[in-house]
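Me: I should like a close look at one part of this protein, namely its sheet and the loops attached to the strands. Please keep the account connected and formal.

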Amino acid sequence: MFKCSVCQKIYNTKVQYCDCGNDEFEEIPATKDSKSYAVNAQQLISWLIFGICIIISAWIWFGTDSPKPNHKPLPKKEVQNSQYIPSIDNIWDSTPAYNK
Ligand SMILES: [Zn+2]
């Protein structure tokens with residue numbers, strides 16, 4: 001790889017003149033290429049973890065919250081219908097304890 005000494009543009013193959021008109025290039029050793037590849041792999045892993053976190057958070061937001069409104073009203077109605085409160089007059093024993 002060759003880097004222009006004026007505008008720092010990088011060429012994979014050696015060219016006679018850069019786009020800026022310069023004809024002096026610095027040769028870059030090929031080891032930098034493998035380093036950038038390693039950086040790209042790390043970025044890929046970090047983006048992958050970030051994507052998993054986004055998916056999990058979306059699952060928590062939409063996956064667990066959305067069924068609740070469908071299920072919540074039904075048990076409440078059942079509880080209200082099943083509760084029977086008898087009148088206090090039917091339960092209260094108004095006969096005197098000592099009738100003699
Ligand atoms: Zn240049």
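What is the order of the three strands in the open sheet, and in which sense do they pair?

Reply: The strands of this predicted model form an open sheet in the order β2-β1-β3, and the pairing is antiparallel. The edge strands are β2 and β3, each of which pairs on one side only.

The sheet belongs to the N-terminal part of the element order, which reads β-β-β-α-α-α-α from the N terminus on. In total, the secondary structure of the protein comprises four helices and three strands.

The pairing of β1 with β2 can be described in detail. These two strands run antiparallel to each other and are joined over two bridges. One residue pair can be named: F2 has Y11 of β2 as its bridge partner.

Between β1 and β2 lies a loop that contains Q8. The backbone of Q8 has a phi near 65°, a positive value although the residue is not glycine. For comparison, most residues other than glycine have a negative phi. Q8 is classed as exposed because 10 other C-beta atoms lie within 10 Å of its own, and the limit for that class is 12 or fewer.

The loop between β2 (10-11) and β3 (25-27) holds N22. N22 has 13 other C-beta atoms within 10 Å and is therefore partly exposed, since this class falls between the exposed limit of 12 or fewer and the buried limit of 20 or more. Leaving aside neighbours within four places in sequence, N22 is in contact with C4, S5 and V6. For one of these, V6, the C-alpha to C-alpha distance to N22 is 6.8 Å, while the two residues are 16 apart in sequence.

Two figures place this region within the whole protein. Buried residues account for 2% of the 100 residues. Of the contacts between residues at least 6 apart in sequence, 16% join residues at least 24 apart.

As to confidence, strand β1 (residues 2-4) has the highest mean pLDDT, at 93, whereas helix α2 (residues 67-71) has the lowest, at 55. The protein as a whole averages 80, and 75% of its residues score at least 70. Where pLDDT is low, the predicted coordinates should not be read in detail. The central feature of this account is thus the three-stranded open sheet, with β1 between β2 and β3 in the strand order.

Definitions and conventions: Residues numbered from 1 in each chain as written. Predicted model: local features only at pLDDT ≥ 70, side-chain atom pairs only at ≥ 80, totals over all residues. pLDDT = per-residue confidence, 0-100. Contact = placed C-beta atoms within 7 Å. Pairing = 2+ DSSP bridges.
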